[in-house]
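This report covers salt bridges and one helix pair. The sequence and the model are shown first.

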Amino acid sequence: MAQSGKANMKQMASKKSPEGGGGGGKKKNKQKKSSSEHLGDGAPSTALASSNKVPEAATPVKLNEGAKASVDKKIPQIALNETKDKSKQQSVEVSDIVSGIEKLNVLPKNASGAPASGEKVKEDAQNKAEADKPDKAKKETKEENTKLPDVAGKKKENKKEVGGGESAVAPSGETKSKSQLRAERRATQEAQRAAKEAKKSEGGPSASVNSFASATKSVAASAAKSLATTKVVVASSEKLKAVPVQSSSDKQKLEDTSKKVVAKKVADTETEEQMWSRMEKEIMGKSLKIDNRVLNLGFQYFYHKIVGANARCLAMLITFREVIGGYKTPEEKDLSRDLEKSLLNPCIKYLNYCRPISISMGNAIKYLKYHISKIPSNMEDEAAISKLQKLIDEFITEKIIGASKTIAEYSKAKINNNDVILIYAGSSLIARVLKDAHKAGKKFRVIVVEGRPRTEGKTMLRFLVRCGIPCSYIYIGSAVYAMSEVTKVFLGAAAMFATGDMYSRSGNSMIAALARANNIPVLVCCETYKFSDKVQLHTGDSNLHARSHDLISVGQRPQMLGNYEELGLRLLNIMYDVTGSKYITCLITEQGLILPATIPAILRRHEDLLEETSGK
């Protein structure tokens, strides 16, 4: 096509030219040169006729349609081939330089290990890269906009939510995100740009090689930093995606957990005396808005001045009765809501911090809150307060005092003349049972087993002796020798779980196990308001720790151990233990003698009775 076009041009030029011979040949050669220059620049064929000026006597050259079409097709192809040849030549030069550096690897270095002759070029290359960032961003945007549709479609298919965008698999099997691929492309572009700058810079081949090596190292370092940052961002985004959006309750749980962790760290570093003094200061800090009566009760709980399930519950109910009597409902407030929220809840929280609420106290609080919620909104304050005080009095009379009297009546039937009854430590309910049985004319003897460190058995011994009951007093270590003459074992309970297990003073489980081994019946006396639907499988779960100082101090005597904390000795003073239901023969309550397995049925019955009384 190109040869036919040139022949047509020659024929037409020879026909149209008025001059002949040498003059015409010169003009024709000039015209060929100008056309070849336009063809080399890749200009369109229409510009060829307009840009080539001929003399006034000559007639302009005209192309036929076939020649014009062939020229139009040939010019862009020639320009494209020349562009490709230039890019290939540049890439070959860069690859030759890189391969030369890798093969030689003998670049001159200074004391710091960097190329001696390329430091200045390295700084210039970095400054140039920073200056070209806006142009580079525009260039990348233009390149992404001019990509083929099928490539864009493939990218859309490979998009992922985490890490944001396109991903690729490395030879090692690692998946690369779009940000990582972009960082690699930028590193490659910067390396090529640095190579070009090194080639254009002044100096010999060694200077250009050194400058290219330094620029390549700087680009590699920046690329490594960008890749590391990208990995961190991707990892953090994946973690954020894995963690769901937290609600207010979740945030509160996290705060509580962090507080527990901090408290545990503090507890590991401080001594026991420091721990008790810190708790005392915290109790003082929490008592700013608490009623003085509740404040005094909390300190009595904290210093163990009031002990025993019945005693603690009685003291709490009496204090709440007095506090509720002075309550007045604020304006635009409802008594059933404000009384519990602004008065009872802060007091209960404070008492629980002084010493954890027992199961008997928890059941009494549920009873009180339930009846507060049932108070109608149109009832006057005086009537509502008097009703609540009456309910508290009924609970004390029926659930505590009346229940202990009924249990004593049922227990008398189980005590025979000449019985030897073994009891452990102190229990107000067991003391009443034995007192009433002695008043009824029963003749029996009691063995009081003492357990340290509280030595509550001494108080029990004094009470029984004053009542005229013959008693013996031994420590728990000698209880196994006393079992040979014991006929019955009476134990008091702090609470009974739904599984039939007993929660009581530490040491009761040992006494029950000894009695079971010697085929001696174990009778447990417990009020039904101490029953709980909770389950505790192990003694260490939800247990109370008293001051370990009590374990090494006996009365006014000096301590048996000196500075035991300096020796690394940690003392553990557990207050309660759990006795399995298999060691309990019978359970004596105000509803009669029952088996431990019937506790869930009694709990359901209590709920039904509570709903019936509230309905009336």
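Arg-293 pairs with Asp-291 in a salt bridge whose closest N and O atoms are 2.9 Å apart. The model behind this value is predicted. Arg-293 has a relative accessible area of 36% and is partly exposed. Asp-291, at 26%, also counts as partly exposed.

Across the whole structure, a search finds ten salt bridges. Side chains of opposite charge can pair when their charged atoms come close. The bridge between Arg-293 and Asp-291 is one of three set out in the table.

| Basic residue | Acidic residue | Closest N and O atoms |
|---|---|---|
| Arg-293 | Asp-291 | 2.9 Å |
| Lys-412 | Glu-409 | 3.3 Å |
| Arg-505 | Glu-456 | 3.0 Å |

The bridge of Lys-412 with Glu-409 lies within one element. Both residues belong to helix α16 (residues 381-412), where they are three residues apart, about one turn of the helix. Lys-412 has a relative accessible area of 19%. Because buried means under 20%, Lys-412 falls in that class. Its partner Glu-409, with a relative accessible area of 44%, is partly exposed.

The salt bridge between Arg-505 and Glu-456, with closest N and O atoms 3.0 Å apart, joins two separate elements. Arg-505 is in strand β8 (residues 502-505) and Glu-456 in helix α18 (residues 456-467), so the pair ties together parts that are 49 residues apart in sequence. Arg-505 is buried, at 17% relative accessibility. Glu-456 is buried as well, with a relative accessible area of 13%. The pair also belongs to a network of salt bridges that links Arg-454, Glu-456 and Arg-505.

The helix pair is formed by α13 and α14. Helix α13 spans residues 309-325 and helix α14 residues 335-354; their axes come within 12 Å and cross at roughly 150°. The crossing of α13 and α14 is right-handed. On the α13 side, the contact is made by Met-316, Phe-320, Val-323 and Ile-324. On the α14 side, Leu-343, Leu-344, Cys-347, Ile-348 and Leu-351 take part. By class, the contact of α13 with α14 has nine nonpolar residues, with no polar and no charged ones.

Technical notes. Residues are numbered from 1 along each chain as its sequence is written. This is a predicted model: local features need pLDDT of at least 70, side-chain atom pairs count only at pLDDT 80 or more; totals for chains, interfaces and linings use all residues. Side-chain values use heavy atoms; hydrogens and water are left out. Axes are lines fitted to C-alpha atoms, for helices over the stretch in contact, and angles run from 0 to 180 degrees between N-to-C directions. Helices (H or I, at least four residues) and strands (E, at least two) are DSSP runs, numbered from the N terminus. A crossing is left-handed if the near helix is turned anticlockwise from the far one by less than a right angle, and right-handed if clockwise. Contact means heavy atoms within 4.5 Å. Ala, Val, Leu, Ile, Met, Phe, Trp, Tyr, Cys and Pro count as nonpolar, Asp, Glu, Lys and Arg as charged, and the others, Gly among them, as polar. A salt bridge is a side-chain nitrogen of Lys or Arg within 4 Å of a carboxyl oxygen of Asp or Glu. Buried means under 20% relative accessible area, exposed over 50%, partly exposed in between (1.4 Å probe, protein chains only).
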